[in-house]
Structures are given as structure tokens and as C-alpha cells.
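Got your viewer ready? Here is a short tour, with something to select at each stop.

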Amino acid sequence: MHVVYPAVVAALLFSIGVYGVLARRNTILVLMSVELMLNAVNLNLVAFDVWLRDQLHGGQVLTLFVIVIAAAEVGIGLAIVLAVYRNRQSIDLDRLRELSEPTELSEPPSPNGAQPVATKVTTGGGPE
Amino acid sequence: MTPALWPPTAQEIVFLLLSVVAVGSALLVVTTRQLVHAALWLVACFGALAGTYLVLTAEFVAWVQVLIYVGAVVVLMLFGIMLTRAPIGRTADLNSGNRVIAAIVAIATAAVLVTVVIDGFRTAYTPLEPGTGSAESLGGSIFRIWVLPFEALSVLLLAALIGAIVISRTDIKGRE
């Protein structure tokens, strides 16, 4: 088995996870994309453990640990999502803007998420 | 010593087929317009990844992947979809407005990673030996060498469980 095959597949899965985290609006879909990224890392860990013939099996043991941490993360994440839903009746990431910098555009919840984010970045760095 | 990258061996063909399934269903997870379908495509992706672990002789990790990811995490996701009363069926607004920027960033990440990985590991080759990732060898490794992180992780899992219960219960009030 060439190591380049699992490494390339893991890179592609990671990029798909990046796209999902950036492009999705629903919080649960963002959590799913984070899981995809974690799985890409797991595939890398397994492949390199097999390649390096680790006597301590560090890669595969770390994969198990990552799986456990991912399970804990999903549990806590969904609990937070449920708490947010109970308070706001919405889990759209674009509408959860209470912690953003106060800009003139961010007050009405815009259906288009790109424009307020861009203005927030440009105005956030300057002095008030 | 190192065989050529092409033609692939039978193991590599099986691995590539499984990874095509994994990458394809991952793409569907991030592009589908139906929330429940995304969770179900996630099952397909994780199942195919478990298959690739099996091909890579990591049997124990493969079955843990099936048990925890396919069994527990996806079910938790479905519960989350259900409890937030997400729209079942086709919904138009699952994607935020910055799709194009996200696609550009993702393609750039993929290009950089694939280029670097191919350049770095072009000649790396390992023959697969069955049995190196069995439950016996992995269990011995965990409970002989990695037992301290294992115990710390079990405490972390307990803390996460209690935290999730406390966050999601409504009758526990904070201190005034």
C-alpha cells in the first residue's frame, strides 16, 4: 500500500470539511463537517501508524482517543445547540450575532451572511 | 524495492474504491439540501472510512469507528435535528451567503495539501501485514503504555457527559 493514497484521501476529506464549516448555516451541519475533518485526521493517523510500524501503536491508540474526544465534543455541542434553540428558536449561525462588533449593518439580521462579515472584519481592526 | 504507483495492487484498488465512496458521500454531506439526508450520507462516509481502516489492517479501529461514529455520533446528530425542529425535506437556506468564498478556500486547501502530500510521500510504501492492528495488540498497547491518557480520557468523557446533562436540563438554575 502506497502511503500517498490514504494521505491524499485524508487531504480531500479535510478540505470538504473546511468547505462545510465555512459554507453551511445550520449549526448541526457545521458539527457534521467538523466530524469529517476529524475523520480525515484519523485516516492519516492510521495510515502513518501502519507505515512506521510503531511498536507502541501510538497512531492507532491516538485514533481511538480522537474518536472518544469527538463523541464528547458532539455531546456537548448538541447540548449547546439545544440550549441556543430553546432561547432563540433558531440555530442559524448567521443570526447569532450578539457577540459581533457593533456595526451599522449588523443590526438587522441580514439573510446574506457574507456582506456583514466582510464589513465587520474591516471595521473591527481599526480604532473605535 | 518500492513498487510503481501504477498499476495499483488489489489492496490499493479496494482502498481507492472505498475512498471514492467516502469522498463522494462527504461531498453530498456538505452539499445536500435536506438535513436528514446529510446525516444519512454521513453514515455512508463513516462506513466507507471504516472499510479503509480494515484495508489498512487496523481492525480494532475500524470496529470502534462503526460502533461510535456510525452507531452513536450519527444518532446524536439525528436527535439534534429532531429536537431543533429542523425542516424535514428540501430547504433552500441551509447554505450561508459565503458559499463561493468557502469553495475557494476549500479548493485552495485541497490543492496545497494534495501537492505537498504527493511531493512528500511519493516513494513511501509499506506492505500490509494482517494482525498488527488487532484488538489484542492494541489493547496490550493501551493498557501497558497509554494507560494514563486512557484514564484521563475516561474522566474527560464523564465530565462531558455531566456537562451535557447540566446544559440541556431546564430546571437547573444558575446561582443568583
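How many residue pairs are in polar contact across the interface of chain B and chain A? Colour the two chains separately and look where they meet: this is a predicted model, and the rule finds 21 such pairs, with both residues at pLDDT 80 or more.

Stay on chain B and select the helices on the side that touches chain A. Those giving two or more residues to that side are α1 (10-31), α2 (35-55), α3 (59-83), α4 (99-120), α5 (135-144) and α6 (147-168) of chain B. By class, the residues on this side of chain B are 60 nonpolar, 23 polar and seven charged.

Now show both partners together. Chain B brings 90 residues to the contact and chain A brings 71 residues. Between them the chains bury about 7200 Å², and 76% of that area is on carbon and sulfur atoms.

Next, pick Arg53(A) and Glu129(B) and show their side chains. They meet in a salt bridge at 3.7 Å, N to O, and the count between chain B and chain A is one salt bridge.

Over all chains, the count comes to six salt bridges. For another of them, select Asp94(A) and Arg25(A), whose side chains meet at 3.1 Å, N to O. Asp94(A) sits in the loop between α3 (58-88) and α4 (114-124) of chain A, and Arg25(A) in the loop between α1 (4-23) and α2 (27-52) of chain A, so this pair ties together parts that are 69 residues apart in sequence.

Last stop: the second largest pocket, with a volume of about 220 Å³. To find it, select Asn26(A), Ile91(A), Asp92(A), Ala86(B) and Pro87(B), the closest to its centre of the 13 residues that line it. The lining divides into five nonpolar, five polar and three charged residues.

Key: Residues are numbered from 1 along each chain as its sequence is written. Chains are lettered from A and ligands numbered from 1 in the order in which they are written. This is a predicted model: local features need pLDDT of at least 70, side-chain atom pairs count only at pLDDT 80 or more; totals for chains, interfaces and linings use all residues. Side-chain values use heavy atoms; hydrogens and water are left out. Contact means heavy atoms within 4.5 Å. Buried area is the accessible area (1.4 Å probe) that two parts lose on being put together, summed over both. A salt bridge is a side-chain nitrogen of Lys or Arg within 4 Å of a carboxyl oxygen of Asp or Glu. A polar contact is a pair of N or O atoms within 3.5 Å; within protein, one must be able to donate a hydrogen and the other to accept it, and residues adjacent in sequence count only if both atoms are side-chain atoms. Helices (H or I, at least four residues) and strands (E, at least two) are DSSP runs, numbered from the N terminus. Ala, Val, Leu, Ile, Met, Phe, Trp, Tyr, Cys and Pro count as nonpolar, Asp, Glu, Lys and Arg as charged, and the others, Gly among them, as polar. On a 1 Å grid over the protein atoms alone, a cavity is a set of points where a 1.4 Å probe fits but cannot get out, and a pocket is an open set with protein on both sides within 12 Å along at least five of seven lines; lining residues have an atom within 4 Å of a point. Grid points are joined across faces, edges and corners, and a volume is the space filled by probe spheres set on the points.
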